[in-house]
Amino acid sequence: FFCLETMNKSGISTVTQFVLLGFPGPWKMQIIFFSLILLIYILTVTGNIAIICAVRWDHRLHTPMYVFLANFSFLEIWYVTCTVPNMLVNFLSKTKAISFSGCFTQFYFFFSLGTTECFFLCVMAYDRYLAICRPLHYPTIMTGKLCAILVSLCWLTGFLGHSVPILFISQLPYCGPNIIDHFLCDVDPLMALSCASSPIIEHVFHSVSSLIIILTILYILGSYTLVLRAVLRVPSSAGRQKAFSTCGSHLVVVSLFYGTIMVMYVSPTSGNSVAMHKIITLIYSVVTPVLNPLIYSLRNRDMKFALRQVICAMRIMQTS
């Protein structure tokens, strides 16, 4: 690997690009990893686009729950796109280099989109709480205006949450080495490569991350606790089954996503190996997004019907 540096005004060498080691191994292993990740990426993008199209084309799905789901699917597409294409290139690259600006751009979007996902899961939990616990008031509370406001707040707060700490981290001096033993630009490897010790910035970043994760998961668990209590009181078994089906799919997504990010950014991880960090990151950044469309579509009758219509429409367009 090479270390490309320039000299700043004070005469100190400055790193202009980083090397992402990814998953080192023989060439055949790199090809296998490339093929597997590429397949997962294609499935993720295709599945989430299908959900967006189904919500867009089926007027019965023009409700707050499916509007949130469509935004969530749009978010997942960008969440995997900010890391996976570069990972695929690195599998086939000899240098495995990423520019300084490219690294921090990826770093910013990865954490901003991840934070936005936390807020969307909160909003979706709130929507299910209103629909099940306060069904008579649901149409008057969850209006189109409130739905648009909640969607906008999720995107806005998600992209502002880590902007200041990441800006400060990008301003730290990086004078070498430039090798990151990861497949993406994450906070701990970048902080370890900085020439200047900055525990305050690192502490602020982890505090903001932990606060967002803990507050959102507590809110989600609280909402679904109230939902569960309400569902158990429903006299109709069909009504209970429908409510459990919808909320169950949400909880599976929450468990997959929060279970891994809490291990990485809330619980102490100093004892975990670098390989374990990579595996955990791979689960919540690549594996979870491909499972979400399957979870939401397979456990939802309306979504399955809408997806069938989308597939039929596509077949008609191809044959005509």
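Which helix gives the most to the lining of the largest cavity? Keep that one in mind while I walk you through this structure, and please remember that we are looking at a predicted model.

The answer is α4, which contributes five residues to that lining. Along the chain, α4 covers residues 100-133. It has company around the cavity: α9 and α10, the latter being residues 237-265, also supply at least two residues each.

Let's stay with the cavity for a moment. The structure holds three cavities of 30 Å³ or more, and the largest of them has a volume of about 160 Å³. In total, 14 residues line the largest cavity. If you want to find its centre on screen, look for Phe-111, Gly-114, Thr-115, Ile-213 and Tyr-265, since these are the lining residues nearest to it. What kinds of residues make up the lining by class? There are 10 nonpolar and four polar residues, and no charged ones.

Now back to α4, and to the helices packed against it.

One partner is α2, residues 64-81. The axes of α2 and α4 are 10 Å apart, and the angle between the two helices is about 165°. An angle over 145 degrees counts as roughly antiparallel, and so α2 and α4 are roughly antiparallel to each other. Their crossing is left-handed. On the α2 side, the contact includes Phe-68, Phe-72, Trp-78 and Tyr-79, while the α4 side includes Phe-110, Leu-113, Gly-114, Phe-120 and Arg-128. Sorted by class, this contact has 14 nonpolar, three polar and four charged residues. Among the residues taking part are Glu-76 of α2 and Glu-117 and Asp-127 of α4.

Another partner is α6, residues 144-160. Here the axes come within 7 Å, and α4 and α6 cross at roughly 150°. That makes this pair roughly antiparallel as well. Which hand does the crossing of α4 and α6 have, left or right? It is right-handed. From α4, the residues involved include Tyr-108, Phe-109, Thr-115 and Tyr-126, and they belong to a contact with α6 residues such as Leu-150, Cys-154, Trp-155 and Phe-159. The classes here are 12 nonpolar, five polar and no charged residues.

Next, a helix pair without α4. Helix α7, residues 163-170, meets α9, residues 199-232, with axes that come within 9 Å and cross at roughly 150°. That makes α7 roughly antiparallel to α9, and their crossing is left-handed. The contact is made by Pro-165, Ile-166, Phe-168 and Ile-169 from α7, together with Ile-201, Val-204 and Phe-205 from α9. How do these residues divide by class? Seven are nonpolar, with no polar and no charged residues.

Let me finish with a pocket, the second largest one. It contains about 370 Å³ of space. Its lining has 16 residues, and Thr-46, Gly-47, Ala-50, Leu-307 and Ile-311 are the ones nearest its centre. Three elements give two or more residues to this lining: α1 (27-57), α11 (274-298) and α12 (301-319). Of these, α1 gives the most, with eight residues. By class, the lining of this pocket has 12 nonpolar, four polar and no charged residues.

To go back to where we began: α4 gives five residues to the lining of the largest cavity, packs against α2 and also crosses α6. Thanks for listening, and do have a look around the model yourselves!

Technical notes:
Residues are numbered from 1 along each chain as its sequence is written. This is a predicted model: local features need pLDDT of at least 70, side-chain atom pairs count only at pLDDT 80 or more; totals for chains, interfaces and linings use all residues. Side-chain values use heavy atoms; hydrogens and water are left out. Axes are lines fitted to C-alpha atoms, for helices over the stretch in contact, and angles run from 0 to 180 degrees between N-to-C directions. Helices (H or I, at least four residues) and strands (E, at least two) are DSSP runs, numbered from the N terminus. Angles under 35 degrees count as roughly parallel, over 145 as roughly antiparallel, 65 to 115 as roughly perpendicular and the rest as oblique. A crossing is left-handed if the near helix is turned anticlockwise from the far one by less than a right angle, and right-handed if clockwise. Contact means heavy atoms within 4.5 Å. Ala, Val, Leu, Ile, Met, Phe, Trp, Tyr, Cys and Pro count as nonpolar, Asp, Glu, Lys and Arg as charged, and the others, Gly among them, as polar. On a 1 Å grid over the protein atoms alone, a cavity is a set of points where a 1.4 Å probe fits but cannot get out, and a pocket is an open set with protein on both sides within 12 Å along at least five of seven lines; lining residues have an atom within 4 Å of a point. Grid points are joined across faces, edges and corners, and a volume is the space filled by probe spheres set on the points.
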